[in-house]
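Reader: Could you take me through one part of this model in close detail, and then show me how that part sits within the whole chain? I would enjoy a connected account.

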Amino acid sequence: MSIIRKEKDLPKEMQELLGSHFKPNERKDVWYVRSSMNPQSLINVAFYMFLPFTIAALILFLGVSYSSLTKEFRSEGFFIALLIFLFVAGMQSIIYLFVRKYKKLNEKIASGERKFGLWVSSAYIMSNDHNVGIECVEKKEIESMYIYHSGTPRVDMVILVTKNKQKLMVVADWLTGYYNRVELLKEHLQKSIFG
């Protein structure tokens with residue numbers, strides 16, 4: 001069996017764990033570690049960093065437009081200013097759409113409608129994070145696991161290897177209580193999966 005990566009392909013019991021029906025405190029048969037990541041933080045930085053360029057492009061365009069109306073019309077200057085403004089405004093609009101998307105996602109997370117993190121049930125292990133998305137596999141398909149430290153900035157993760165050599169990544173640094181504690185996460189996963 002290969003790793004399931006789409007929510008619609010998940011077994012029904014695992015689909016239920018992603019939504020508001022799953023109450024971690026009420027389900028003792030599922031080990032759940034919630035994600036510590038805030039999916040909106042970086043896109044907000046991009047939005048506010050790019051905002052001065054948008055304002056500057058607007059001022060340039062308005063200045064060239066006003067100059068064209070009061071003096072001799074120079075079409076090349078006007079069109080260059082228009083292209084710069086349209087490009088920057090287009091980029092800002094795309095960033096704004098991402099800001100809206102992540103704001104809605106954060107509202108769903110806060111209300112419990114959407115969950116991210118790590119789930120270990122009696123038959124499956126599932127990870128859902130903002131970067132990789134959903135990865136779910138049957139526990140009996142897991143052959144081995146090891147710790148991996150990525151580059152700069154360093155991110156610690158446990159890699160689960162299935163019998164058909166696919167890899168499921170569980171990032172310890174993105175799970176509540178496991179930042180810089182990847183060895184502890186591996187130990188808990190070994191107990192949960194291999195007994």
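Author: Happily; what follows starts with helix H3 and then widens to the rest of the chain.

A word on the ground rules: this is a predicted model, in which local features need pLDDT of at least 70 and side-chain atom pairs count only at pLDDT 80 or more, while totals for chains, interfaces and linings use all residues. Residues are numbered from 1 along each chain as its sequence is written, and side-chain values use heavy atoms, with hydrogens and water left out.

Helix H3 covers residues 75-111, which is 37 residues. Helices here are DSSP runs of H or I with at least four residues, strands are runs of E with at least two, and both are numbered from the N terminus. From first C-alpha to last, H3 reaches 53 Å, close to the expected 54 Å; that expectation is 1.5 Å times one less than the number of residues in the helix. Just after H3 comes Gly-112, with a positive phi of about 85°.

Now look at which side chains H3 hides. Buried means under 20% relative accessible area, exposed means over 50%, and partly exposed is in between, using a 1.4 Å probe and protein chains only. The buried residues of H3 are Phe-78, Ala-81, Phe-85, Val-88, Ala-89, Gln-92, Ile-95, Val-99, Leu-105 and Asn-106.

Gln-92 is a good one to zoom in on. This H3 residue has a relative accessibility of 7%, so it counts as buried. Setting aside neighbours within four places in sequence, Gln-92 is in contact with Phe-47, Phe-50, Leu-51 and Thr-54, where contact means heavy atoms within 4.5 Å.

Helix H2, residues 41-70, is the next stop. Asn-44 is found in H2 and counts as partly exposed at 24% relative accessibility. Its C-alpha is 8.7 Å from that of Tyr-96, although the two residues are 52 apart along the chain. Ala-56, also in H2, is partly exposed at 45%. Ala-56 and Val-33 are 23 residues apart in sequence, and their C-alpha atoms are 45 Å apart in space.

Stepping back, the protein chain has four helices and seven strands, in the order α-β-α-α-β-β-β-β-β-β-α. The chain is more spread out than a compact globule, because its radius of gyration is 24 Å, well over the 16 Å that the globule rule gives for 195 residues. That radius is taken over C-alpha atoms, and the rule is 2.2 Å times the number of residues to the power 0.38. Along the principal axes, the C-alpha atoms fill a box of roughly 80 × 35 × 30 Å. Buried residues make up 38% of the 195. Of the contacts between residues at least 6 apart in sequence, 58% join residues at least 24 apart.

Two loop residues further along also deserve a glance. Lys-165, in the loop between strand E6 (156-162) and strand E7 (167-171), has a positive phi of about 70° although it is not a glycine, and is exposed at 54% relative accessible area. Asn-180 lies in the loop between E7 and helix H4 (182-194). Its phi is near 60°, again a positive value in a residue other than glycine, and at 52% relative accessibility Asn-180 counts as exposed.
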